[in-house]
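This report is meant for a reader who is meeting the structure for the first time. Please keep the sequence and the 3D view open while reading, and look up each residue as it is named.

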Amino acid sequence: MVITLGFEGSANKLGIGILQNDKVLSNCRRTYVTPPGEGFLPRETARHHQNNIVDLLQESLSKANVKPHEIDVICYTKGPGMGGPLVAVALVARTVAQLWNKPLIPVNHCIGHIEMGRLVTGCENPTVLYVSGGNTQIIAYSNKKYRIFGETIDIAVGNCLDRFARVLKLSNDPSPGYNIEQLAKQGKKLLPLPYVVKGMDVSFSGILTFIEEKAEKYLKSGEYTEADLCFSLQETIFAMLVETTERAMAHCGSNEVLIVGGVGCNERLQSMMHTMCVERGAVLYATDERYCIDNGVMIAHAGALMFKSGFHGKWEDTFCTQRFRTDDVVVTWRD
């Protein structure tokens, strides 16, 4: 029996989770929410994490009914992510590991999403669509690594949605992407937008620029509503993601798709992907906001897999990096 404590703080979500083998004991989270029309800056986000992390650690331990001496290993997000928030959380993880005399495991944030998705859904060997505020990748496992078959060549899909939400001055509570999703459900008129798929890769910056420049004119004229614009943006960028995911499935001979990352909560994306899977005779796997959105228990789970497979890092290697690719990690826990 291994009890693992995980710290996540790569962006505006601060999460601490505790896992006992494959059983979630606690999964606590606090989100830094900015005023409508504003994004979150690294310095202010790091300060939010610093101000909340001790209380959140106590809350997580209390909900799990676990004492520090019962914890076997501590894990934290090494990257990728925003520098300030990553360092703020890693500092606490390092301190706690030394105070409690526990091994410390640095975890790749993307791997955390994938492995938590596999645990929760029970899928075997899926083609993974990883979509979040900072990442957009189509991934499949092969020969001890999670290989990236396609990715964004500029901004991530979540960043595209978040930035358009700022144009419309939508609330950031609980998240700008969620509020775009709700507004899009009321949209009826499709605005033709650029559709940018380049081989297996996708590009969102041109689409964002196009709709940003047109939004004010269309809204003033009444030709399109805010709901129509949100609907149009979602339909276009999600179609791009479904297309590239299907192409990766064909290449790998896969009959499973797993959607992970914060944007993976979007019901319209899940619906479009499900339609494609049904047509291919494949199965779609997805999770809800407890595990799609950044959380500490996903870091605990990925770290536990590393620990059980024999990973023992050195203290000098427990640093952070804003750039840490999914395919840089040697997957020692899978055949």
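The text below goes through the annotated regions, the nonpolar cores, the salt bridges and the aromatic contacts.

**Annotated regions**

The model is predicted, and what is said here about positions in space should be read with that in mind. According to an unreviewed UniProt entry, the annotation "domain: Gcp-like" covers residues 30–300. Over residues 30–300 the chain is 52% helix and 17% strand, and the C-alpha atoms at the two ends of this stretch are 17 Å apart. For a sense of distance elsewhere, V278, which has its place in helix α8, can be set against T95: the two are 183 residues apart along the chain, and their C-alpha atoms are separated by 49 Å. V278 counts as exposed, because its relative accessibility is 52%.

The unreviewed UniProt entry also lists H109, H113, Y130 and D294 under "binding site". Although these residues are spread over 186 residues of sequence, they cluster in space, with a largest C-alpha distance of 12.1 Å. One of them, Y130, is found in strand β6 and is buried, with a relative accessible area of 0%. Leaving aside residues up to four places away in sequence, Y130 touches H109, C110, H113, N135, T136, Q137, I139, V260 and G261; the contacts of Y130 thus include H109 and H113, which are listed in the record together with Y130.

**Nonpolar cores**

In soluble globular proteins, nonpolar side chains tend to be buried together. The largest nonpolar core in this model has 47 residues, and the members that touch the most others are F164, F204, L233 and M273. Two or more residues of this core come from each of β6 (127–131), α4 (157–167), α5 (176–184), α6 (205–221), α7 (226–252), β11 (256–260) and α8 (267–280). Helix α7 gives the most, with 11 residues. M273 can serve as an example of the packing: not counting residues up to four places away in sequence, M273 touches L129, L241, V242, T245, V257, I259 and L284. Apart from this core lies another, of 32 residues, among them L19, C110, I114 and W333.

**Salt bridges**

Side chains of opposite charge can pair when their charged atoms come close. The structure holds 11 salt bridges, and the table gives some of them.

| Salt bridge | N to O distance |
|---|---|
| K63 and E59 | 3.4 Å |
| K185 and E267 | 3.6 Å |
| R247 and E243 | 2.4 Å |

What separates K63 and E59 along their helix? The two lie 4 residues apart in helix α1 (residues 42–64), and are therefore separated by about one helical turn. K63 counts as exposed at 56% relative accessibility, whereas E59 counts as partly exposed at 26%. K63 and E59 also belong, with R30, to a network of linked salt bridges.

In helix α7, R247 and E243 are likewise 4 residues apart, about one turn of the helix. R247 is partly exposed at 35% relative accessibility, and E243 is partly exposed at 25%.

The salt bridge between K185 and E267 has its closest N and O atoms 3.6 Å apart. K185 lies in the loop between α5 and β9 (197–198) and E267 in helix α8, so the pair ties together parts that are 82 residues apart in sequence. Both K185 and E267 are exposed.

**Aromatic contacts**

A search of the whole structure finds 2 aromatic pairs. In one of them, the rings of Y141 and Y146 have their centres 5.6 Å apart and their planes at 65°, so the pair is edge-to-face. Y141 and Y146 are both buried. The pair of Y218 and Y224 is edge-to-face as well, with 4.8 Å from centre to centre and 70° between the planes, and both of these residues are buried.

The ring of Y224 also has a charged neighbour, since the charged end of K189 sits over this ring, 4.6 Å from its centre. In another contact of this kind, the charged end of K78 sits over the ring of F324, 5.1 Å from the ring centre.

Conventions
Residues are numbered from 1 along each chain as its sequence is written. This is a predicted model: local features need pLDDT of at least 70, side-chain atom pairs count only at pLDDT 80 or more; totals for chains, interfaces and linings use all residues. Side-chain values use heavy atoms; hydrogens and water are left out. A nonpolar core is a set of buried Ala, Val, Leu, Ile, Met, Phe, Trp, Tyr and Cys residues joined through side-chain atoms within 4.5 Å. Buried means under 20% relative accessible area, exposed over 50%, partly exposed in between (1.4 Å probe, protein chains only). Contact means heavy atoms within 4.5 Å. UniProt positions are given in the numbering used here, feature names are shortened, and annotations may be inferred rather than shown by experiment. A salt bridge is a side-chain nitrogen of Lys or Arg within 4 Å of a carboxyl oxygen of Asp or Glu. Rings of Phe, Tyr and Trp (its six-membered ring) pair if their centres lie within 6.5 Å; planes under 30 degrees apart count as stacked, over 60 as edge-to-face and the rest as tilted. A charge sits over a ring if NZ of Lys or CZ of Arg is within 6 Å of the ring centre and within 35 degrees of the ring normal.
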